[in-house]
Amino acid sequence: MSFIPFAVLSGVFASLSSVFAKLFSDQRTEQFHDAIVHFITNQGLLDALPLTIDTNVSLLILRGVCFGLIFVCNSLMWTLFTKALNAAPSSVQTTTVNGAVNFSVSALLGYLIFDEPLALGWWIGASMILLGTILLSRSDNKAKRD
């Protein structure tokens, strides 16, 4: 089996781990929580149940879920990365794919979830790192063929 799906998924889970780490402590988590509680309350989703929503407890639960997801995502990332390393002809190729996906998904999630700007300088820097890794991978492959 090809190493690429494992390396891609590994990069995605690395990015998700960072997102959940930020959500664990970020103020946006409170805003997200408040929006969920507001939606549930306005839709009357709990009207049939004899429950009330304690916002402090539900916020603590949400943060706990984010904290747990950090470890789940990291475990999946390392498992998939190890599988990619075992399936790849070169560890540099696995690292290249993983790094490219991690950069891209992190930027996209940061923009979508945290309203982080995607400045031109960031893209230039990420592209240069990726280009350097690709060049290193090609030189490594060429040296192995010779």
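**Figure 1. Y111 and the nonpolar patch on the surface.** Y111 has its place in helix 4, and in this predicted model its relative accessible area is 46%, so Y111 is described as partly exposed. Together with L108, L112, I113, L118, W122 and W123, Y111 forms a nonpolar patch on the surface, and these residues share about 660 Å² of accessible area. Two elements, helix 4 (91-114) and helix 5 (120-145), each give two or more residues to this patch. Which of the elements gives the most to the nonpolar patch? Helix 4 does, with four residues.

**Figure 2. The largest nonpolar core.** This view turns from the surface to the interior, where the largest nonpolar core is made up of 17 residues. Those with the most contacts inside the core are F3, A7, V19, F20, L23, A84 and V97. Helix 1 (4-25), helix 3 (55-87) and helix 4 are the elements that give two or more residues to this core. With which residues is V19 in contact, once its neighbours within four places in sequence are left aside? The contacts of V19 are then with L109, I113 and F114. I113 therefore appears in two of these views, being in contact with V19 and also belonging to the nonpolar patch on the surface, for which residues need over 30% relative accessible area.

**Figure 3. The salt bridge between K22 and E116.** The model holds four salt bridges, and one of them joins K22 to E116, with 2.5 Å between the closest N and O atoms. The two partners belong to distant parts of the chain, since K22 lies in helix 1 while E116 lies in the loop between helix 4 and helix 5, and they are 94 residues apart. Is K22 buried or partly exposed? K22 counts as partly exposed because its relative accessibility is 32%, a value between the limits of 20% and 50%. E116 is likewise partly exposed, at 31% relative accessibility.

**Figure 4. The salt bridge between R63 and E30.** The side chains of R63 and E30 meet in a salt bridge, at 3.3 Å from N to O. This pair, too, links distant parts of the chain, as R63 is in helix 3 and E30 is in helix 2 (residues 27-43), with their positions 33 residues apart in the numbering. R63 has a relative accessible area of 15%, which is under 20%, and therefore R63 is buried. E30, by contrast, is partly exposed, with a relative accessible area of 36%. Elsewhere, salt bridges that share partners join D26, R28 and D115 into one network, part of which is shown in the next view.

**Figure 5. The salt bridge between R28 and D26.** R28 forms a salt bridge with D26, and the closest N and O atoms of the pair are 3.9 Å apart. At 32% relative accessibility, R28 is partly exposed, whereas D26, at 18%, counts as buried because this value is under 20%.

**Figure 6. The buried cysteines C66 and C73.** C66 has a relative accessibility of 5% and therefore counts as buried, and C73 is also buried, with a relative accessible area of 4%. How many disulfides does the structure hold? The number is zero, so no pair of cysteine sulfur atoms in the model lies within 2.5 Å.

How values were computed
Residues are numbered from 1 along each chain as its sequence is written. This is a predicted model: local features need pLDDT of at least 70, side-chain atom pairs count only at pLDDT 80 or more; totals for chains, interfaces and linings use all residues. Side-chain values use heavy atoms; hydrogens and water are left out. Buried means under 20% relative accessible area, exposed over 50%, partly exposed in between (1.4 Å probe, protein chains only). Patches are made of residues with over 30% relative accessible area and no salt bridge: like charges are joined within 9 Å, nonpolar side chains (Val, Leu, Ile, Met, Phe, Trp, Tyr) within 5 Å. Accessible areas come from the Shrake-Rupley method with a 1.4 Å probe; for residues, only the protein chains shown count as cover. A nonpolar core is a set of buried Ala, Val, Leu, Ile, Met, Phe, Trp, Tyr and Cys residues joined through side-chain atoms within 4.5 Å. Contact means heavy atoms within 4.5 Å.
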